[in-house]
Amino acid sequence: MGKKGKRESSTPCPETFDPLPVESKTPETAVLLLNSPEEDIVVKACKAIYTFAEKGDENKVSLLGLGALEPLCRIITHNNKLVKRNAFMALGTMATSGDVKNALKKLDVIPSIIKQLSLEEDTVVHEFATLCLASLSVDFVCKVQIVDNQGLPPLIQLLSISEPDVQKNSLEVVFNLVQDYKSRLMVVEMDLIPPLLELLYSDFPVIQHLVLNTLQKVTTEKGALAMFRDKKGFDKIMDILNNVDFSDLHSEALQVVANCLSDSESIHLIQEDGNLNRLMDFLLKCSTPEIQSKAVQCITQMAQNSESLKLLCEQKVEAFLVDLLNVADVNVKTSACHAVAAMSLHQASKDCFRDLGGIPAVVQSLNSNSSINKEAATQALANLTYSNQLNAFAVYDAGGHEILVQQLRESCPKTVVSSAATLRNMAEQEVIRNSILSHGAMQALVEPLKSSDAQILISATQCLSVLACDNRAREELHRAGGLQLLVNLLRSFHKDVLHNACLAVNVCASDELTTMEMCKYGALELLQEINQSKNRRSRVSNLAMMRLLHSNLSVKYSLTGHLASTDIITSGFYDTGKSCSSQRILTLEELSTEPVNQHRPIIAINLTTEKKKKEDKQKDEAQSESVTEKPWSMMDDVSLQTLIKEANESILPLNDEQEQFATLARLVSEAMGGAVEMEKLHEFPWMLRLSELKFQLQSNVIPIGLISRGIYCHRALLFKCLADCIGLSCTLVRGEYNRAWNEILLLQWNPASQKSSQPRRFIVDLMHQPGSLLAVNTPAALQYQTI
């Protein structure tokens with residue numbers, strides 16, 4: 001190996017001999033002679049095989065076919081040093097062929113080779129033994145064999161001898177071995193760093209490159225990095241970077257620097273030694289694309305550390321990076337985007353990149369033909385816009401949101417994740433959110449919602465939670481098939497996916513229509529199952545279920561048997577009775593189309609006035625002129641409208657709240673058959689009247705205003721409905737066996753203290769003494785609640 005190049009000739013042998021006459025014409029004879037009992041014949045046979053093998057891979061494969069490999073592997077341990085040396089020359093040369101290497105792996109020759117690596121052995125043996133190991137060590141099984149047979153210590157020793165070919169081959173073996181984690185830990189304990197640092201000053205570039213590549217690998221381990229610091233390794237690397245004659249080494253040197261800059265202790269030492277300023281001078285002055293790219297990677301590593309990140313800001317590195325975002329070389333731009341992403345974890349840098357005009361340059365990279373560049377740019381935008389609305393507007397002004405929406409359909413998982421994250425950050429501003437939606441974001445989100453990648457699902461559902469805050473967005477999501485996909489995610493056993501799916505369901509359950517659609521897909525049943533599981537339930541899953549129920553009071557009342565005073569009954573509410581948690585509750589439209597049966601009737605609330613019905617009819621006709629099938633609508637309930645009018649006229653003028661409740665109770669009682677004595681309750685013909693209504697209407701659904709004979713559950717529902725209509729506050733609670741009641745909260749005046757006492761809860765009697773208020777938990781109240 002000549003200086004700065006390749007070895008020109010092997011070390012000459014002290015013994016010389018004439019080549020075999022069969023050298024070039026009959027290699028078969030040379031192979032046969034390897035088994036000769038005469039040592040001088042074996043020496044000449046090995047030399048002939050070496051000469052023949054040197055001429056090319058075809059000859060090496062030919063020798064393999066002639067059976068040269070096994071006898072060569074045997075005689076490399078020969079007592080005759082000349083036989084051993086020539087055998088190694090032949091074997092090492094043949095081993096550089098892929099076919100020979102594969103055959104050699106099966107012969108278990110590695111232990112024999114390692115035994116010949118002692119420092120006392122012939123240098124030529126060292127050279128060709130390590131050449132043989134260099135070929136074999138690219139294979140994982142061979143790596144294990146080399147390590148298990150204690151091959152590392154002699155290889156590391158050979159790095160210190162003066163023969164450059166031995167150094168090079170030994171370095172190649174070590175480099176191949178340290179690709180594996182366990183070997184990296186072992187070489188640190190074997191004091192590998194010092195000989196590597198010595199070889200940095202080798203006259204041969206191939207050795208210097210191998211040293212730097214090996215250092216780059218081993219300094220990923222803390223132990224090796226600590227030794228590298230102790231041995232002043234960074235000083236030596238800086239010497240290389242500051243030497244223009246070593247410009248061909250700068251790329252690999254910077255990779256070692258990047259490892260140092262990922263470690264806090266190394267950064268402190270570099271700063272104390274004054275090397276940080278030297279490094280920054282080099283990084284900010286480099287001009288070739290390859291070195292610029294590696295330099296920026298160093299900046300990215302520094303930015304991972306909070307202290308060194310501040311130093312970068314002090315050096316005004318942001319301006320340097322913005323310049324690199326605009327260069328032509330795609331690798332430089334990609335590295336710059338990675339650095340921007342890393343530095344944008346620092347709030348001041350986020351603002352600086354915006355002020356320097358860096359955001360439009362990053363957005364421009366979204367149009368790159370390079371998927372790696374797009375991925376890096378998208379990650380940079382995600383970090384730039386996180387908790388920074390000015391940056392979100394800068395991306396919006398540059399048109400970035402339009403491209404990001406398109407990228408939700410990309411095949412690269414990291415690009416999709418970062419695109420959704422950036423859109424989520426930007427959508428916190430209403431004007432941006434509306435624009436994002438106008439470019440089809442909800443339809444685009446459907447694709448990532450189909451993914452099996454957990455990170456994609458997490459980012460997509462987080463984005464969905466921000467975008468789905470208005471009716472239009474939720475309608476678009478439903479039309480695109482996204483609601484069912486979202487509900488399907490409630491089946492996930494990935495903690496974070498489930499958590500964010502529940503949050504998205506919570507947001508989507510903001511209107512009754514979307515809630516009903518999610519319930520059709522089994523959202524309630526899935527959430528109930530989740531909330532019954534010790535491992536899967538959470539505050540968020542419970543919140544999602546409560547939100548679904550809050551937006552669908554009919555289902556809430558059916559499942560929980562309770563409506564709070566804040567749960568306001570509106571048109572379309574219906575009571576199906578108590579439902580099992582495992583069964584899906586049908587919609588009112590579905591229930592209305594079922595044949596009349598013998599089950600309890602469904603009681604429906606229709607608050608729509610005639611004027612409102614006409615307006616809705618005209619609107620429906622205008623929107624669906626092409627639809628021939630008449631849309632389903634609820635049955636009219638004129639009687640309920642009359643009761644609401646009467647309640648407004650007779651109750652609202654009253655000044656005493658207790659009297660208002662009592663008057664309303666009497667109105668409800670009169671509408672549903674009047675007071676019924678407790679002892680004669682069994683004679684009250686409420687069931688017969690309901691059966692007659694079902695037959696007359698030919699429907700299982702009965703408008704509540706048509707019930708002229710109603711019991712506890714019907715009266716309590718009507719009371720709650722009328723109270724909500726006129727602004728009185730009460731609850732609705734279902735009991736057993738058709739029992740239901742309303743609870744109210746009243747302040748009572750204390751004449752003695754001339755102050756109101758603490759509020760008390762009362763049950764309103766609607767059945768036996770209409771208008772009576774029964775204090776909760778008293779015998780009278782308990783009797784009203786039970787049989």
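L489 touches L449, L457, T461, L498 and A501, leaving out residues up to four places away in sequence. Contact here means heavy atoms within 4.5 Å. That is where I want to start today.

A word on the source. This is a predicted model, so to speak of a local feature we need pLDDT of at least 70, side-chain atom pairs count only at pLDDT 80 or more, and totals for chains, interfaces and linings use all residues. Residues are numbered from 1 along each chain as its sequence is written, and side-chain values use heavy atoms, with hydrogens and water left out.

Back to L489. L489 sits in the loop between helix 34 (482-488) and helix 35 (495-508). Helices are DSSP runs of H or I, at least four residues; strands are runs of E, at least two; both are numbered from the N terminus. Is L489 buried or exposed? Buried, at 8% relative accessibility. The cut-offs: buried is under 20% relative accessible area, exposed is over 50%, and partly exposed is in between, with a 1.4 Å probe and protein chains only. V505 is 16 residues from L489 along the chain, and their C-alpha atoms are separated by 9.9 Å.

Now the whole chain. We have 46 helices and 11 strands. The radius of gyration is 42 Å, whereas a compact globule of 787 residues would have one near 28 Å. That radius is taken over C-alpha atoms, and the globule rule is 2.2 Å times the number of residues to the power 0.38. Along the principal axes, the C-alpha atoms fill a box of roughly 130 × 65 × 60 Å.

Burial next. Of the 787 residues, 53% are buried. The accessible surface is about 36200 Å², and carbon and sulfur atoms hold 50% of that. Areas come from the Shrake-Rupley method with a 1.4 Å probe; for residues, only the protein chains shown count as cover.

Contacts. Take those with a separation of 6 or more: 68% of them join residues 24 or more positions apart.

Charges. There are 76 positive and 93 negative side chains. The centres of the two sets lie 4 Å apart. Lys and Arg count as positive, Asp and Glu as negative; His and the chain ends are not counted. Each charge is placed at NZ of Lys, CZ of Arg, CG of Asp or CD of Glu.

On to helix 5, residues 81-94, which holds A90. L91 lies in helix 5 too. A90 is buried at 0% relative accessibility. L91 is buried, at 0% as well. What does A90 contact, leaving aside neighbours within four places in sequence? C46, I49, Y50 and L72. With residues up to four places away left out, L91 touches L69, L72, C73, I76, L104 and C132. L104 is 13 residues from L91 in sequence and 9.5 Å away, C-alpha to C-alpha. For a long-range pair, take A90 and S554: 464 residues apart in sequence, 88 Å apart in space, C-alpha to C-alpha.

Cysteines. How many disulfides does the structure hold? Zero. A disulfide is a covalent bond between the sulfur atoms of two cysteines. Our test is a pair of cysteine sulfur atoms within 2.5 Å. Why does C286 have no bond? Because the closest cysteine sulfur, in C298, is 9.1 Å from the sulfur of C286, too far. C286 is buried, with a relative accessible area of 12%. C352 is partly exposed, at 24%.

Then the backbone. Most residues other than glycine have a negative phi. Here are two positive values. Q150 has phi near 60° and is not a glycine. Q150 is in the loop between helix 9 (140-148) and helix 10 (152-158). N777, not a glycine either, has a positive phi of about 75°. N777 is in the loop between strand 11 (773-775) and helix 46 (779-785). N777 counts as exposed, at 59% relative accessibility.

Last stop, M678. Where is M678? In the loop between helix 43 (657-671) and helix 44 (686-697). M678 is partly exposed, with a relative accessible area of 31%. Neighbours within four places in sequence aside, M678 is in contact with Y712, H768 and Q783. I585 is 93 residues from M678 along the chain, and their C-alpha atoms are separated by 34 Å.

That is my list. Over to you.
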